[in-house]
Amino acid sequence: MTEQDEMTKTGSKCPECGKPAIVKFRPFCSKRCADVDLGKWFNEEYTLPGDTEIPDDIGEGEPS
Ligand SMILES: [Zn+2]
């Protein structure tokens, strides 16, 4: 096992920056790009228009 293994290219491109993706972080080229993408949908998921409050019991029970 060498660092080379982690850098193995997947043949696809990083959706974030377009660089060749590597196996370790696929489909991204690096942890940074993976984190960026994760943060994107994470923010979208929890940022609702007109409602910045995040209920603890979202989708269950009564909203307080
Ligand atoms: Zn990238």
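Okay, to start: which residue forms a salt bridge with Lys31? It's Asp35, and the closest N and O atoms in that pair are 2.9 Å apart. Keep in mind as we go that this is a predicted model.

Let me set the scene before going further. The protein chain has 64 residues, and 12% of them count as buried. Its secondary structure comes to 2 helices and 2 strands, and from the N terminus on the order is α-β-β-α.

Back to the salt bridges. By the rule used here there are 2 salt bridges. Lys31 and Asp35 sit 4 residues apart in helix α2, so about one helical turn separates them. Both ends have some solvent access: Lys31 comes out at 49% relative accessibility, which makes it partly exposed, and Asp35 is partly exposed as well, at 38%.

The other pair is Glu16 with Lys40, where the closest N and O atoms are 3.1 Å apart. Glu16 is in the loop between β1 (9–13) and β2 (20–22), while Lys40 belongs to helix α2 (residues 31–46), so this salt bridge ties together parts that are 24 residues apart in sequence. As for accessibility, Glu16 is at 24%, so it counts as partly exposed. The cut-off for buried is under 20%. Lys40 is partly exposed too, at 44%.

Now the metal. Which protein atoms are the donors of the zinc ion? They're the SG atoms of Cys14, Cys17, Cys29 and Cys33, lying 2.3 to 2.4 Å from the zinc ion. For anyone who cares about the geometry, the angles among the 4 donor atoms run from 99 to 117°, and the site is tetrahedral. If you want to pick the donors out of the sequence, look for the spacing C-x2-C-x11-C-x3-C.

How covered are those cysteines? Cys29 and Cys33 are both buried, and for Cys33 the relative accessibility is just 4%. Cys17, on the other hand, is partly exposed at 40%. And in case you're wondering about cysteine pairing, the structure holds 0 disulfides.

Next, a backbone detail for those of you who look at torsions. Where is the cis peptide bond? It joins Arg26 and Pro27, with omega at about 5°. Pro27 is in the loop between β2 and α2. As background, most peptide bonds are trans.

Last stop is the surface. Leu38, Trp41 and Phe42 form a nonpolar patch there, and together they have about 320 Å² of accessible area. Trp41 is in helix α2, and its relative accessible area of 44% makes it partly exposed.

So here's the picture I'd take away for helix α2. The Lys31 and Asp35 pair lies within this helix. Lys40, also in α2, reaches the Glu16 loop through the other salt bridge. Trp41, from the nonpolar patch, is in helix α2 as well. Then there's the zinc ion, held in a tetrahedral site with four cysteine SG donors, and the cis peptide bond between Arg26 and Pro27.

That's what I have. Happy to rotate the structure if anyone wants to look at the zinc site again.

How values were computed
Residues numbered from 1 in each chain as written. Predicted model: local features only at pLDDT ≥ 70, side-chain atom pairs only at ≥ 80, totals over all residues. Heavy atoms only, no water. Salt bridge = Lys/Arg side-chain N within 4 Å of Asp/Glu carboxyl O. Buried < 20%, exposed > 50% of the residue type's maximum accessible area, 1.4 Å probe, protein only. Donors = N, O, S within 2.8 Å, 3.2 Å for Na, K, Ca; no water. Tetrahedral: all angles 85-135°; square planar, octahedral: opposite > 155°, others 65-115°. Patch = residues over 30% accessible without salt bridge, like charges linked within 9 Å, V, L, I, M, F, W, Y side chains within 5 Å. Areas by Shrake-Rupley, 256 points an atom, 1.4 Å probe, with all protein chains shown as cover. Disulfide = S-S within 2.5 Å.
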